Amino acid sequence: MTTLITGAAGFIGYHACLTLLKKGEDVVGIDSLNDYYSPLLKHARLENLKKFKQFSFHHLAMEDHSAIFKVIQDLPSDLSITHLAAQAGVRYSLKDPYAYTTSNVDGHLSLLEACRHHGRIRHLVYASTSSVYGANTKLPFAVEDRTDSPISLYAATKKCGELMSHAYAHLFDIPTTGLRYFTVYGPWGRPDMTAFTFTKAILAGEVITVFNHGDMRRNYTYIDDIIDGTLLCLNAPPQGSPKHALYNIGHYRSESLMDFIHILEEKLGKKALLQFADIQPGDVKETIADIRPAQDDFGYSPKVDLKDGLEQFSRWYLEHYSS
Ligand SMILES: NC(=O)c1ccc[n+]([C@@H]2O[C@H](COP(=O)([O-])OP(=O)(O)OC[C@H]3O[C@@H](n4cnc5c(N)ncnc54)[C@H](O)[C@@H]3O)[C@@H](O)[C@H]2O)c1
């Protein structure tokens with residue numbers, strides 16, 4: 001079976017590819033290797049993937065319609081796709097808004113169009129985000145909750161991806177599922193996310209800005225659990241009409257930001273220097289996922305707690321950046 005993974009050199013895409021390759025499956029990766037964060041990290045991930053002979057790679061941007069169309073057209077029938085290529089990050093959408101419409105709207109549509117013309121897609125699973133819940137205060141966040149009041153452009157473009165996917169599933173009978181991921185962390189993680197920035201700052205003796213004066217809670221979800229949920233879902237295409245579904249993929253527990261920092265301090269053996277600040281525009285105070293539908297429909301069950309997850313992350317960080 002062949003699986004196409006977009007965003008293959010990214011944090012989640014890399015782990016998705018690696019897991020499938022270790023099972024002996026064929027994986028085709030696409031990534032633009034853009035410089036939102038250091039391309040060196042993307043190239044290092046890619047080098048690991050290229051060690052597997054069942055891995056092939058296309059250095060392409062999703063918004064390059066004709067190139068994406070050609071790659072997908074040449075792939076076999078019964079194709080599974082995990083679409084992870086996107087411009088991620090809430091804060092950066094204040095700085096470069098067009099990067100979000102290009103990758104997350106135009107790029108997403110380009111994939112849907114290619115799927116429409118391929119005509120034999122087994123299942124398209126794409127990444128959405130907990131950010132679509134906006135300033136929702138009803139906890140836990142459930143997929144039935146209203147998500148039409150985004151508070152960042154990032155969330156608005158990911159919501160747009162959900163809506164376009166629903167329309168294409170309806171119009172062209174493409175089995176499609178959107179997964180709303182909740183704050184993912186782990187080895188080979190994204191350098192703009194807290195596990196990474198805090199670790200870097202603690203080790204360098206630099207000050208960490210703690211937003212909302214530390215009064216934040218997140219549904220931190222370890223990368224192995226995210227990959228587990230994604231691949232379980234990939235094997236469970238939605239039934240019914242239209243063949244489109246949405247799920248939350250998060251952890252059972254939400255953890256406080258201050259606990260997150262204290263665990264990191266313990267794992268790194270060094271105290272953090274903290275400076276407290278107000279909440280940032282577009283950020284929310286708390287996220288908790290209602291993951292029962294994913295448990296019921298495809299057996300998703302997150303296993304890694306924050307202490308173990310941060311242990312794995314800090315070990316990887318120290319090893320990777322010392323060499
Ligand atoms: N990491 C998280 O906590 C988190 C949470 C919610 C949702 N998500 C979503 O999960 C997906 C993967 O996120 P990630 O954390 O691995 O991010 P990432 O930035 O590490 O990975 C995304 C990859 O996509 C590539 N890419 C970006 N735009 C592209 C384009 N137009 N064409 C081709 N490639 C492109 C990038 O080069 C990058 O390698 C994204 O869709 C993101 O919105 C992530």
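**Exercise 1. The nonpolar cores**

Task: In this predicted model, determine how many residues the largest nonpolar core has and which of them have the most contacts inside it.

Solution.
Step 1. The largest nonpolar core comprises 71 residues.
Step 2. The residues with the most contacts inside this core are I12, C17, L49, Y181, I249, F260 and L310.
Step 3. By element, α1 supplies the largest share of the core, eight residues.
Step 4. Another core, of 22 residues, lies apart from it, and includes L111, A114, L124 and Y168.

**Exercise 2. F260, L306 and L310**

Task: Establish which residues F260 touches beyond four places in sequence, and state whether L306 and L310 are buried or exposed.

Solution.
Step 1. Not counting residues up to four places away in sequence, F260 touches T194, A195, F198, Y220, L306 and L310.
Step 2. Two of these partners, L306 and L310, lie in helix α10, which spans residues 306–322.
Step 3. Buried status requires under 20% relative accessible area. L306 has a relative accessible area of 6%, and is therefore buried. For L310 the value is 0%, so L310 is buried as well.
Step 4. With residues up to four places away in sequence left out, L306 touches Y185, Y220, E255, F260 and I263. Under the same exclusion of neighbours within four places, L310 is in contact with Y185, A195, F260, I263, L264 and K267.
Step 5. Distances between C-alpha atoms complete the description. L310 and L264, 46 residues apart in sequence, are 6.6 Å apart in space. L306 and R190 are 116 residues apart along the chain, and their C-alpha atoms are separated by 17 Å.

**Exercise 3. The ligand and its shell**

Task: Describe the shell around the ligand: which residues come nearest, what its composition by class is, and which elements give two or more residues to it.

Solution.
Step 1. There are 29 residues around the ligand, and D31, Y37, E63, Y154 and K158 come nearest.
Step 2. Divided by class, the shell consists of 16 nonpolar, eight polar and five charged residues.
Step 3. Polar atoms of the protein are then paired with oxygen atoms of the ligand. A polar side-chain atom of K42 is 2.9 Å from a ligand oxygen. The backbone also takes part: a backbone N or O atom of G10 lies 3.2 Å from an oxygen atom of the ligand, and a polar backbone atom of N34 is 3.4 Å from a ligand oxygen.
Step 4. The ligand taken alone exposes 820 Å², of which the protein buries 98%.
Step 5. The elements that give two or more residues to the shell are α1 (11–22), β5 (121–129) and α5 (153–172). The largest share, three residues, comes from β5.

**Exercise 4. A buried loop residue, Q87**

Task: Locate Q87, decide whether Q87 is buried or exposed, and identify which residues Q87 touches.

Solution.
Step 1. Q87 is in the loop between β4 (79–83) and α4 (97–118).
Step 2. The relative accessibility of Q87 is 5%, so this residue counts as buried.
Step 3. Beyond four places in sequence, Q87 touches N34, Y36, Y92, A99, Y100, S103, N104 and Y154.
Step 4. Among these partners, N34 has a polar backbone atom 3.4 Å from an oxygen atom of the ligand, and Y154 is one of the residues that come nearest to the ligand.

**Exercise 5. Backbone geometry**

Task: Identify which residues the cis peptide bonds join, find what phi is in L33 and N212, and place each site in the fold.

Solution.
Step 1. Most residues other than glycine have a negative phi, and most peptide bonds are trans.
Step 2. A cis peptide bond joins L139 and P140, with omega about -5°. P140 is found in the loop between β5 and α5.
Step 3. The bond from S241 to P242 is also cis, with omega near -5°. P242 is placed in the loop between α7 (223–234) and β11 (244–249).
Step 4. L33 has a positive phi, near 50°. L33 lies in the loop between β2 (26–31) and α2 (39–49). Its relative accessibility is 11%, so L33 counts as buried.
Step 5. N212 also has a positive phi, near 50°. N212 is found in the loop between β8 (207–210) and β9 (217–218). The relative accessible area of N212 is 17%, and N212 is therefore buried.

Notes:
Residues are numbered from 1 along each chain as its sequence is written. This is a predicted model: local features need pLDDT of at least 70, side-chain atom pairs count only at pLDDT 80 or more; totals for chains, interfaces and linings use all residues. Side-chain values use heavy atoms; hydrogens and water are left out. A residue is near a molecule or strand if one of its heavy atoms lies within 4 Å of it. A polar contact is a pair of N or O atoms within 3.5 Å; within protein, one must be able to donate a hydrogen and the other to accept it, and residues adjacent in sequence count only if both atoms are side-chain atoms. Accessible areas come from the Shrake-Rupley method with a 1.4 Å probe; for residues, only the protein chains shown count as cover. Helices (H or I, at least four residues) and strands (E, at least two) are DSSP runs, numbered from the N terminus. Ala, Val, Leu, Ile, Met, Phe, Trp, Tyr, Cys and Pro count as nonpolar, Asp, Glu, Lys and Arg as charged, and the others, Gly among them, as polar. Buried means under 20% relative accessible area, exposed over 50%, partly exposed in between (1.4 Å probe, protein chains only). Contact means heavy atoms within 4.5 Å. A nonpolar core is a set of buried Ala, Val, Leu, Ile, Met, Phe, Trp, Tyr and Cys residues joined through side-chain atoms within 4.5 Å.
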